[in-house]
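Look at the sequence and the structure below before reading on. The paragraphs that follow go through the chain step by step.

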Amino acid sequence: MIRNQLRPAILLTAIFIVVTGLIYPGVVTAIARVLFPNQSDGSLVIQNGHVVGSRLIGQQFTKPWYFHPRPSAAGSGYDATASGGTNKGPTDRKLADTLVAGAVAQAESDGVPKGQVPSDMATSSGSGLDPHISPANAFFQVARVAAARGVDSAQVRDLALHYVEGRQFGFLGEPRVNVLALNLALDNAFPLQPRK
């Protein structure tokens, strides 16, 4: 009697493993590669034949001549294997200290008046991997980037404005700027001059 119940259970388990573990993922992957080849490969950004990043995952930019991303809580910074938020609540003293320290550091480095720091300059995203910053964040960084590159800030602001992406489908989310795309455009428009 146990053998009669065990055989169908093992057979159904094997069938479901093959269908849901091999066939279904294989079909979905094949359809994605045909319909969305760039997105299914991770929306990689290729420049001069080399992968320089992904439009979907933030990267750490720390040099003054680049726009900086929002802080990352993912490992040592934008580590996809350590994705996650900080899990600190609004009454957590460490969160308050971190936010104040981040806001003060950004205010000092970008000349932002205290109390006017955009929230995404001092806070990480839920995943810690967000590749976007708000337009306000980008515009506050314009003066630093322009000075470091030795170009007029109006030109850098116009370039940043050109890279503002609207709401998805016209109503989802907020306007945003992809930091990697903007920094690559900066390198093309205003190449860094070798220092003497």
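Which residue forms a salt bridge with R149? The partner is D187, and the closest N and O atoms of the two are 2.7 Å apart. R149 belongs to helix α5 and D187 to helix α7, so the pair links distant parts of the chain, 38 residues apart. The two ends of this bridge are covered to unlike degrees: R149 has a relative accessible area of 8% and is therefore buried, while D187, at 28%, is partly exposed. This is a predicted model, and the pair is a starting point for reading the rest of it.

Now take the chain as a whole. It contains 7 helices and 5 strands. Starting at the N terminus, the elements follow one another as α-α-β-β-α-α-β-α-α-β-β-α. There are 196 residues in the chain, and buried residues make up 28% of them. The chain exposes about 12,600 Å², of which carbon and sulfur atoms supply 61%. Contacts can also be sorted by distance along the sequence. Among those between residues at least 6 apart in sequence, 56% join residues at least 24 apart.

The next topic is the sheet. Three strands form an open sheet, in the order β3-β5-β4, with antiparallel pairing. β3 (132-133) and β4 (164-165) stand at the edges; each has a single partner strand, so one side of each is left without a neighbour in the sheet. Strand β5 covers residues 176-178, and 2 bridges join it to β4. On the β4 side, E165 has R176 of β5 as its bridge partner. Helix α7, residues 179-189, lies across β3 and β5 and runs at about 60 degrees to β5.

H132 gives a view of the sheet from a single residue. Its place is in strand β3. Is H132 buried or exposed? Its relative accessibility is 16%, which means that it counts as buried, the cut-off being under 20%. Leaving out residues up to four places away in sequence, H132 touches R70, E165, R176, V177 and N178.

Helix α7 also takes part in the largest nonpolar core. As background, nonpolar side chains in soluble globular proteins tend to be buried together. The core here has 21 residues, and those that touch the most other members are F67, V156, L159, L182 and L186. Helices α5 (135-149), α6 (153-162) and α7 each supply at least two residues of this core. Which helix gives the most to this core? That is α7, with 6 residues. L159 shows some of the packing: apart from its neighbours within four places in sequence, L159 is in contact with L182, A185, L186, A189 and F190.

Return now to charged side chains. The structure holds 5 salt bridges. In one of them, the side chains of E165 and R55 meet, at 3.0 Å from N to O. E165 lies in strand β4 and R55 in the loop between β2 (50-54) and α3 (93-110), so this pair ties together parts that are 110 residues apart in sequence. R55 has a relative accessibility of 34% and therefore counts as partly exposed. Another salt bridge is formed by E174 and R167, whose closest N and O atoms are 3.5 Å apart. At 52% relative accessibility E174 counts as exposed, whereas R167, with 38%, is partly exposed. Some bridges have partners in common: R55, E165 and R176 are joined into one network by salt bridges that share partners. E165 and R176 are also the bridge partners already met in the sheet.

The last topic is the backbone. Most residues other than glycine have a negative phi. Which value does phi take at N48? It is near 55 degrees, a positive value in a residue other than glycine. N48 is found in the loop between β1 (44-47) and β2, and with a relative accessible area of 74% it is exposed. F169 is not a glycine either, yet its phi is positive, at about 60 degrees. The place of F169 is in the loop between β4 and β5. F169 has a relative accessible area of 66%, so this residue is exposed.

Notes
Residues numbered from 1 in each chain as written. Predicted model: local features only at pLDDT ≥ 70, side-chain atom pairs only at ≥ 80, totals over all residues. Heavy atoms only, no water. Pairing = 2+ DSSP bridges. Helix = DSSP H or I, 4+ residues; strand = E, 2+ residues; numbered from the N terminus. Contact = heavy atoms within 4.5 Å. Axes fitted to C-alpha atoms, helices over the stretch in contact; angles between N-to-C directions. Buried < 20%, exposed > 50% of the residue type's maximum accessible area, 1.4 Å probe, protein only. Areas by Shrake-Rupley, 256 points an atom, 1.4 Å probe, with all protein chains shown as cover. Core = buried A, V, L, I, M, F, W, Y, C linked by side-chain atoms within 4.5 Å. Salt bridge = Lys/Arg side-chain N within 4 Å of Asp/Glu carboxyl O.
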